[in-house]
Each structure stands twice: as structure tokens, then as C-alpha cells.
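Here is a brief report on a protein chain. Please keep the sequence and the coordinates in view while reading.

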Amino acid sequence: MVNAWMPIADGEPGIRQILQQLSAMKQYYGALPAIRVAALRAGGTSENHDPAANVERLAAFVRRGLIYQADPFNAELTQTPDVLLLEINRRGQAYGDCDDHVLLFASLCEALGIYCEIVGVMREADTFNHVIAVAHPDGQPVEIDLCAKD
């Protein structure tokens, strides 16, 4: 996937635009063999096909491996899963905001065959200002806020 600068609309149209871009990136990175290897290392279990346990392990991996850091002022910076995994492997941790947390998690889930949505939510505001993951490990939706680390 080629990284490119693109203008983002203001308000809700911009939020929808960001969510569409994140979804496209998730599909691309979730299909890469290197992301699957990382997903198996981070979230694989010794059990035959245990999607719920995989989701729990992947969420713990992302929460442990990423430290929340806001994007630069007046910019939407999205870090790709391969870059974040490289940084986690090199230094033990990487930095990213909510969309970086969710994109990494959703890509890892999809690499293990677990459908995962990226959803915009309103957090103490009248507008969408946060993203969470909705994984479907056993066909049932499970909302996961990867930035909630307690």
C-alpha cells in the first residue's frame, strides 16, 4: 500500500473518510503473510481454532506494545501495522493514537481469520472523536477500546 497525503474533509464527512481509509488499510495489511506471522506469535493459542482467546491475546499485545500519543496538531497521522510491529520488535513498544491501536489490532485479527470492524464513537463530545474495534470472534460482536489500558 502506498502512503500518500490526502486532504480530509471537516466534520462528519472527514470522519467517514478516515474510517473508510482505515478499513481499506485493515483489509490490505490483514492479508499480508508477515502480519499473519506476527498475529500467530502475538495471539495464537495452543488450542485448535480458539478465536475468542486469540482476540483477548491480540488485545493484550496491542495494549502492552503501544503507548498512546496524540497525532501532530491539525493532522491525522496513521501508522501502518508493519511499521508499528517493527518498532515493537526493536524497542519493545511503539507510540500511536487510537486509530493506530485499532488498525494494528484489526489487521492482526483479520490475519487470523477473525472479522473486525473499525468504528467511530463519541467520547464525551457531540462529534466522533475516538475509534474502537468491534471483533467478531464467534460471530458475536465484542467491542474493544484498545486505548483503555486498566
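The text below covers the sheet, its covering helix, the cysteines, the charged and aromatic pairs, and two single residues.

The model is predicted.

**Sheet and helix**

Start with the sheet. Three strands form an open sheet in the order 3-4-5, and their pairing is antiparallel. Strand 3 (116–121) and strand 5 (142–144) sit at the edges, each with a pairing on one side only. On average, neighbouring strands of this sheet are turned by 30° against each other, direction ignored.

Strand 3 and strand 4 (residues 130–135) run antiparallel and are joined by 6 bridges. One residue pair can be picked out: valine 119 has isoleucine 132, in strand 4, as its bridge partner.

Helix 5 (residues 98–111) lies across strand 3, strand 4 and strand 5. The helix runs at about 15° to strand 4. Strand 3 has two faces to tell apart. Cys116, Ile118 and Gly120 make up its covered face. Glu117, Val119 and Val121 make up the uncovered one. Val119, the residue bridged to isoleucine 132, thus belongs to the uncovered face.

**Cysteines**

How many disulfides does a search of the whole structure find? The search finds 0. Cysteine 109 is in no disulfide, and its nearest cysteine sulfur, that of cysteine 116, is 4.5 Å away. Cysteine 109 is also buried, at a relative accessible area of 0%. Cysteine 116 appears on the covered face of strand 3.

Why is there no bond between cysteine 147 and cysteine 98? The closest cysteine sulfur to that of cysteine 147 is the one in cysteine 98, but the two are 5.4 Å apart, which is too far for a bond. The cut-off for a disulfide is 2.5 Å between the sulfur atoms.

**Salt bridges**

The count of salt bridges comes to 2. They are listed here with their N to O distances.

| Basic residue | Acidic residue | Closest N and O |
|---|---|---|
| Lysine 26 | Glutamate 110 | 3.1 Å |
| Arginine 91 | Glutamate 87 | 2.5 Å |

Take the pair of lysine 26 and glutamate 110. This pair links distant parts of the chain: lysine 26 is in helix 1 (residues 11–30), glutamate 110 is in helix 5, and their positions lie 84 residues apart in the count along the chain. Lysine 26 is buried, with a relative accessible area of 4%. Glutamate 110 is partly exposed, at 21% relative accessibility.

Now take glutamate 87 and arginine 91. Both are in helix 4 (residues 81–91), and because they are 4 residues apart, about one helical turn separates them. Glutamate 87 counts as partly exposed at 24% relative accessibility. Arginine 91 counts as exposed at 65%.

**Aromatic pair**

A search of the whole structure finds 1 aromatic pair. Tyrosine 28 and tyrosine 29 form it, in an edge-to-face arrangement. Their centres are 4.9 Å apart, and there are 85° between the planes. The angle matters for the label, because planes over 60 degrees apart count as edge-to-face. Is each partner buried or partly exposed? Tyrosine 28 is partly exposed, at a relative accessible area of 35%. Tyrosine 29 is buried, at 4% relative accessibility.

**Histidine 101**

Histidine 101 is placed in helix 5. Its relative accessible area is 0%, so this histidine is buried. What does histidine 101 touch, not counting residues up to four places away in sequence? The contacts are Val62, Leu66, Ile67, Tyr68, Gly96, Leu146, Cys147 and Lys149. One of them, Cys147, is the cysteine whose sulfur is 5.4 Å from that of cysteine 98.

**Aspartate 71**

Where does aspartate 71 lie? Aspartate 71 is in the loop between strand 1 (66–68) and helix 4. Aspartate 71 still counts as buried, because its relative accessible area is 18% and the limit for buried is under 20%. Leaving aside neighbours within four places in sequence, aspartate 71 is in contact with Glu76, Leu77, Asp97, Asp99 and Asp100. Alanine 38 is 33 residues from aspartate 71 along the chain, and 25 Å separates their C-alpha atoms.

Notes. Residues are numbered from 1 along each chain as its sequence is written. This is a predicted model: local features need pLDDT of at least 70, side-chain atom pairs count only at pLDDT 80 or more; totals for chains, interfaces and linings use all residues. Side-chain values use heavy atoms; hydrogens and water are left out. Two strands pair if DSSP finds at least two bridges between them. Axes are lines fitted to C-alpha atoms, for helices over the stretch in contact, and angles run from 0 to 180 degrees between N-to-C directions. Contact means heavy atoms within 4.5 Å. Buried means under 20% relative accessible area, exposed over 50%, partly exposed in between (1.4 Å probe, protein chains only). Rings of Phe, Tyr and Trp (its six-membered ring) pair if their centres lie within 6.5 Å; planes under 30 degrees apart count as stacked, over 60 as edge-to-face and the rest as tilted. A salt bridge is a side-chain nitrogen of Lys or Arg within 4 Å of a carboxyl oxygen of Asp or Glu.
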